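Dear colleague,

Please find the structure we spoke about below, followed by my notes on a few of its helices and surface features.

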Amino acid sequence: MAADRRARVERLRDRFLALSLRSRSLCLTRPSATGALDLARLDGEAKRLLWLVKVLGQEEAPPNVLVEVAAGDDAGALSLDVATLAHAARDERMQTGEDNLAVGWPFLEGRAADGTWLRAPLLLFPVAIGQTDRGRLSWTIAPAGPAEINEPLLQTLARTAGVRLLPSDLTAAAEGGPGAFRVDDATWKALAGALQEGGLALADTPPALPAMEPLLPRDKAAREAAPKGRFRLAFHMVLGRFPAAASTIVGDYDALLEGALDDAHLGLAGRLLELDDDALPAAPRAPELAAGPPDPADPGPLRRWQPLPSDASQDAVFRFLESRDTGGLVVQGPPGTGKSQLIANLVAASVARGDRVLLVCQKRAALDVVADRLGSLGLRDALALVHDVRRDRNDVCGAVADTLDEVLDEAMTRRDELWKGFERATLAHERAEKRVAGLLTASQAAWQVLAGTRRGRPGLVELDERALAVPDDLALPALDGVVADLGDDDVLAAAPLIDDLAPVAAPLAPPHPLAARSDWRLRDDAALDAIFGRLQRLEQALAAWRAVAAGGHLDAAALDALTSAFARASDLLRLLDGADAAEVGDVLAWWRRTGGDPDHELWAALDAELDKARAELRPVPAELLRLGDAELDARAMRLDQLAAVEAAWYRVFLPRFWSLRGYRNRLLETFATPPPGDAAALAALHRDALPWHDTLAALRPDDPLRELLLAEPPGDLERAAAVVAKRRAQLAAARDLRLNLAPHGGPYATPPDLAAAGALTDAPFFAALATDAARLAALARVDAAVAALADDLAPDALAALSRLTREDPAAAHAQALALANARPDGARAAAIDRSLDAAPPSPGRSCARGRPRLGCAPATRPASPWRRRGARRRSTGARARWSRGRRCAPSATRSSPRRSRSAGSSRWARSSRPTGAASSTRRRTTRSGLASRSSPGRRASGATGRRSGSSSSATGATGSRSRGRCGSARRSRCRRSSRSTASSSTS
């Protein structure tokens with residue numbers, strides 16, 4: 001039944017397609033007064049034509065004169081044609097509601113590979129035609145919106161020429177959407193380029209915008225003489241009516257054929273497909289309507305919502321619909337008997353019950369009458385009135401938007417009330433939050449003192465634990481491989497570096513998740529976002545693996561070992577989810593025929609039969625395989641008679657010639673792909689179908705080859721051979737899987753038995769195989785996500801994560817989740833890596849801090865910012881450290897000049913200033929003593945005790961302080977140094 005229905009729908013589709021190919025939107029053979037007006041006839045009115053070319057595609061432009069209503073020969077004929085076209089467009093709009101009046105440009109002309117001749121516009125510019133209301137009587141024209149793409153042409157090209165172009169391909173070439181289309185050189189080049197990129201061969205198409213060409217008629221001989229597979233783009237401008245509804249109906253047929261043609265999918269349309277065109281229609285049967293007036297006490301589910309008055313016949317229709325489960329009902333009657341009233345009542349009752357109603361009328365007036373009656377009942381907002389699918393779309397969307405606005409207004413009022421309550425709750429929450437924050441701050445401060453760390457120093461709790469007991473089994477890191485090649489000098493040189501770099505790296509040290517990272521010093525914000533995006537994908541893959549890791553029969557190690565075996569059987573594993581029910585059923589059928597054995601004798605027999613069929617049978621159309629032998633012989637005989645008559649020179653005078661020729665043309669219309677029209681060739685094609693019938697008749701009803709040859713499309717030997725090879729390969733893959741999985745026992749120990757199964761997973765073997773295949777796919781996604789992080793995490797961390805994935809999926813997922821949630825610390829990690837990559841401090845820095853070590857040398861590299869911060873802390877906080885050195889002044893010779901001037905000198909000046917001195921000093925210390933450094937920044941005037949030039953220093957106080965600090969052995973040298981300092985200062 002499904003095959004008959006599909007053939008029936010295909011015939012209806014092809015019949016409608018043949019009708020739509022005669023449309024002006026696809027096959028414009030010549031200009032006509034009511035349908036197509038060639039604007040090349042306006043050559044005498046160049047200004048009007050140029051104005052029209054300029055404004056086409058605009059939404060707002062005032063109308064301009066197209067042609068004057070004149071009595072001259074040419075102008076009169078043109079005016080008459082414009083009037084005829086305007087009246088035809090108006091009548092069509094009044095009757096059907098469609099407004100198809102537009103200017104078509106440019107035109108694509110040519111003949112497809114299947115012989116279909118096309119000449120149609122690519123773009124349609126909507127226009128409106130009117131008459132002047134003052135002055136000289138003239139016909140006017142005005143643009144009515146942006147350009148529209150001729151979608152029936154694109155659908156026909158896909159069907160006849162095999163060139164699939166989407167409207168988005170043309171709008172993308174316009175770089176601005178349909179509103180950017182104009183009659184200009186840029187649009188011409190964009191359209192030509194888009195057609196060629198889509199695979200359409202354009203010949204004799206100018207690269208730039210050519211001059212306008214008149215639209216010449218094309219008779220049947222000219223159309224048939226056009227070369228196949230070649231098209232050209234021509235500059236024709238035609239004002240006409242270009243319908244587009246036919247393409248929509250053809251698309252509906254295609255969508256219907258893509259689905260299942262069963263009763264559940266088709267509904268009432270299935271009954272229509274059961275009708276036969278050749279059978280006589282059955283006499284209409286009047287329904288058994290209940291007689292008598294309606295019962296007011298029991299109005300029924302439909303009549304209770306009946307808003308308009310009705311008579312007895314209308315009430316009888318309602319009672320019939322309420323009392324029976326009927327698929328359809330035809331109500332007929334002369335005008336004025338209340339059919340529109342009945343329809344309005346039915347629609348109102350259905351809307352009241354919450355149903356959706358589609359009302360279709362051939363005439364616009366009938367649809368408007370029902371809409372007006374429902375509007376008078378207050379149901380206008382619930383209706384979507386569509387006369388023209390393209391033009392009324394905006395009105396329907398606007399009505400939907402108005403309805404939504406009303407709903408939103410009510411929701412906004414409710415939202416304001418809820419918002420006020422939310423604000424009150426927010427204030428109460430903020431007050432409670434402040435109280436909690438105060439408690440948390442106090443608790444955090446106490447915890448920091450007890451258990452936290454400050455500047456690398458442990459808290460009180462840890463110090464107390466260390467003081468009480470030291471574990472005997474304290475594990476220390478194994479440094480044998482690190483220090484094997486290090487000497488004493490290397491250790492002394494590296495010790496201060498470790499001391500300085502450890503506080504920098506400590507914030508993200510283990511157990512922080514980012515301690516497993518690689519070198520991120522060159523990663524910017526975009527690179528960090530990409531890294532954590534990969535980490536999130538890893539976390540998602542691990543979450544999926546964690547959900548299925550515990551199921552199935554195989555463990556992770558077995559899945560890794562069987563990866564290649566599962567990959568070879570991917571075509572079979574694809575069917576385990578049951579999504580392709582048709583192919584699964586086919587595989588089960590072949591399994592039952594061969595017992596699941598890819599070496600069964602049936603395969604060799606099928607190969608032999610297919611080879612024989614290839615050698616003996618010639619390809620014929622599928623339509624001929626559905627005919628009987630008698631019908632084929634009769635057709636071939638009549639075609640032979642036509643071939644004999646066609647050879648006579650006087651054939652045109654023979655009525656039999658014309659009768660046989662019409663018979664041949666009717667035969668050609670029954671083919672989906674028309675064969676050659678030659679009568680002799682067509683007769684030979686019918687005779688070639690007879691061996692097919694003999695072959696099919698010789699096959700047993702249960703022969704698999706018979707099923708393969710009759711499958712859609714019938715008679716395709718290559719497709720049948722491909723199906724046989726594919727099914728055999730799938731059974732071979734199943735056998736290989738059985739051999740590989742049998743050692744693992746469980747459901748894999750017993751071969752699958754699909755003799756009475758309705759699905760592959762009915763067998764325990766394939767049920768377990770589906771689960772393990774899904775688990776292997778999840779594990780493969782985890783491995784791919786881990787491999788994508790090869791440049792982001794350390795190799796040992798990735799290896800540990802891959803191992804943990806197989807041993808403890810929950811722990812691996814927790815680790816990946818911690819890494820993915822560490823995005824706020826990503827920039828900090830990159831900054832730490834950049835700081836560690838900067839020039840490290842030299843070992844001489846320890847000497848500058850008053851702790852001389854072996855191998856100390858002056859620092860030669862520039863200090864990094866964190867080194868300067870450490871220098872400032874030392875200069876301001878530990879004066880006793882300076883006084884413990886065996887020098888008479890703080891040793892700053894190994895510090896940078898900036899540090900000695902800003903930190904060490906100012907502190908020394910404060911400690912050596914005498915009582916009553918009113919000057920500030922700037923000193924620099926050397927190994928031999930103190931020396932003054934002039935500062936030209938100040939000048940004292942006139943008074944005794946003040947010096948010009950540098951800042952003065954009191955030598956007495958300096959000497960006393962120096963003697964207090966220096967040892968007895970060096971006291972004299974300090975005194976001499978002080979005197980020399982005073983003398984150089986006074987000079």
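Which residues of H23 are buried? They are Glu-583, Val-584, Asp-586, Val-587, Leu-588, Trp-590, Trp-591 and Thr-594, where buried means under 20% relative accessible area, exposed over 50% and partly exposed in between, with a 1.4 Å probe and protein chains only. Before going further, please note that this is a predicted model, in which local features need pLDDT of at least 70 and side-chain atom pairs count only at pLDDT 80 or more, while totals for chains, interfaces and linings use all residues. Residues are numbered from 1 along each chain as its sequence is written, and side-chain values use heavy atoms, with hydrogens and water left out.

Helix H23 covers residues 581-594, helices here being DSSP runs (H or I, at least four residues) numbered from the N terminus. Its 14 residues should span 20 Å at 1.5 Å a residue, and the end C-alpha atoms are indeed 20 Å apart; the expected span is 1.5 Å times one less than the number of residues. After H23 comes Gly-595, with a positive phi near 65 degrees.

Several H23 residues meet Arg-727, which lies in helix H30 (residues 717-741). Setting aside neighbours within four places in sequence, Arg-727 is in contact (heavy atoms within 4.5 Å) with Glu-583, Asp-586, Val-587, Trp-590 and Trp-603. Arg-727 counts as buried because its relative accessible area is 8%.

Helix H6 (residues 185-197) agrees with its expected span as well, since its 13 residues should cover 18 Å and its end C-alpha atoms are 18 Å apart. Its buried residues include Trp-188, Leu-191 and Leu-195, and just after the helix Gly-199 takes a positive phi of about 105 degrees.

Another arginine, Arg-48, is placed in helix H2 (residues 46-55) and is buried, with a relative accessible area of 18%. Beyond its neighbours within four places in sequence, Arg-48 is in contact with Val-65, Leu-66, Val-67 and Glu-68, and a polar contact of 3.2 Å joins its side chain to that of Glu-68; such a contact is a pair of N or O atoms within 3.5 Å, of which, within protein, one must be able to donate a hydrogen and the other to accept it, and residues adjacent in sequence count only if both atoms are side-chain atoms.

Lastly, Val-449, found in helix H15, counts as exposed because its relative accessibility is 51%.

With best wishes

Note on methods
Helices (H or I, at least four residues) and strands (E, at least two) are DSSP runs, numbered from the N terminus.
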